[in-house]
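Here's a quick briefing on a protein and the ligand it holds. Have a look at the structure below, then read on for the contacts and one backbone oddity.

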Amino acid sequence: MSADALAAASPAVALRAMRMDDLDAVMRIQREAYGDAYQESADVLGRKLSLAPEGCWFAERGGEGLGYVFAHPWSAGAPCLHAQIENLPPRADHGFLHDLAVSPRARGLGVGRGLFGKVRSWSERAGHQALALVALADAVAYWRGLGFAAEPLALPDGYGAGAVFMRYGPAWQG
Ligand SMILES: CC(C)(COP(=O)(O)OP(=O)(O)OC[C@H]1O[C@@H](n2cnc3c(N)ncnc32)[C@H](O)[C@@H]1OP(=O)(O)O)[C@@H](O)C(=O)NCCC(=O)NCCS
């Protein structure tokens with residue numbers, strides 16, 4: 001079968017709102033993307049999904065999970081890793097992109113960019129002032145390429161050496 005025929009026969013990548021029953025696949029993708037060193041529990045991630053379902057998206061192809069993103073309204077600074085968020089802050093005027101990961105089996109296909117696009121649209125619609133994240137050391141250049149800029153900010157423990165607080169926006173205003 002030619003490459004073109006193979007591509008035509010392959011189902012397309014779909015980006016859709018995340019569901020609670022995606023969490024098993026999310027845990028698998030998290031392990032594939034980060035290895036054992038950086039694993040957040042299904043409880044911590046599931047709480048983010050229940051607080052902000054409109055900020056959480058899932059990528060799949062033919063029923064196979066390929067990537068995910070968790071984002072939620074936030075006020076300022078970076079939340080602690082591995083700690084369950086009890087409630088969203090009362091004046092949540094920012095979006096915080098907590099984690100985006102793509103399985104190594106699906107890298108370079110635009111899945112990460114597509115998931116980010118979903119979060120960006122949500123944050124814009126929500127009227128946030130900006131979208132923030134903590135880039136792990138290896139991902140700083142990726143986020144810079146998507147338009148984020150580094151800001152000096154002391155981070156809670158757990159993000160690892162070389163992690164950087166970054167902010168995007170308000171690019172949607174101009
Ligand atoms: C970073 C990550 C999400 C990118 O996902 P992806 O779906 O492969 O990315 P896309 O297909 O949207 O974009 C690919 C482009 O980004 C570039 N890119 C990918 N990872 C990069 C990195 N770590 N640093 C710089 N550029 C990177 C590619 O070279 C490619 O560039 P091109 O479009 O000029 O060819 C994925 O590699 C991943 O899951 N990494 C491990 C988890 C992680 O670090 N997440 C971010 C935590 S803050």
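Let's start with the ligand: one of its nitrogen atoms is 3.2 Å from an N or O atom in the side chain of Y34. Keep in mind that this is a predicted model. The protein covers 66% of the 910 Å² of accessible area that the ligand has on its own.

**Polar contacts**
- Over at L100, a polar backbone atom is 2.9 Å from a nitrogen atom of the ligand.
- V102 also uses its backbone: a polar atom there is 2.8 Å from an oxygen atom of the ligand.

**The pocket and its shell**
- The ligand takes up the space of the largest pocket.
- There are 20 residues around the ligand, and the ones that come nearest are V102, G110, G112, R113 and D138.
- Sorted by class, that shell has 14 nonpolar residues, plus three polar and three charged ones.
- Helices and strands both chip in: α2 (23-34), α4 (111-125) and α5 (140-145), along with β4 (94-102) and β5 (130-135), each supply at least two shell residues.

**A backbone oddity**
- H82 isn't a glycine, yet it has a positive phi of about 65°.
- You'll find H82 in the loop between β3 (64-74) and β4.
- Is H82 buried or exposed? Somewhere in between: H82 counts as partly exposed because its relative accessibility is 44%, and that class runs between the under 20% cut-off for buried and the over 50% cut-off for exposed.

Definitions and conventions. Residues numbered from 1 in each chain as written. Predicted model: local features only at pLDDT ≥ 70, side-chain atom pairs only at ≥ 80, totals over all residues. Heavy atoms only, no water. Near = heavy atom within 4 Å. Polar contact = N/O pair within 3.5 Å; in protein donor to acceptor, adjacent residues only side chain to side chain. Areas by Shrake-Rupley, 256 points an atom, 1.4 Å probe, with all protein chains shown as cover. 1 Å grid on protein atoms, 1.4 Å probe; cavity = no way out; pocket = protein on both sides within 12 Å on 5 of 7 lines; lining within 4 Å. Sits in = over half its atoms within 2 Å of the grid points. Helix = DSSP H or I, 4+ residues; strand = E, 2+ residues; numbered from the N terminus. Nonpolar A, V, L, I, M, F, W, Y, C, P; charged D, E, K, R; others polar. Buried < 20%, exposed > 50% of the residue type's maximum accessible area, 1.4 Å probe, protein only.
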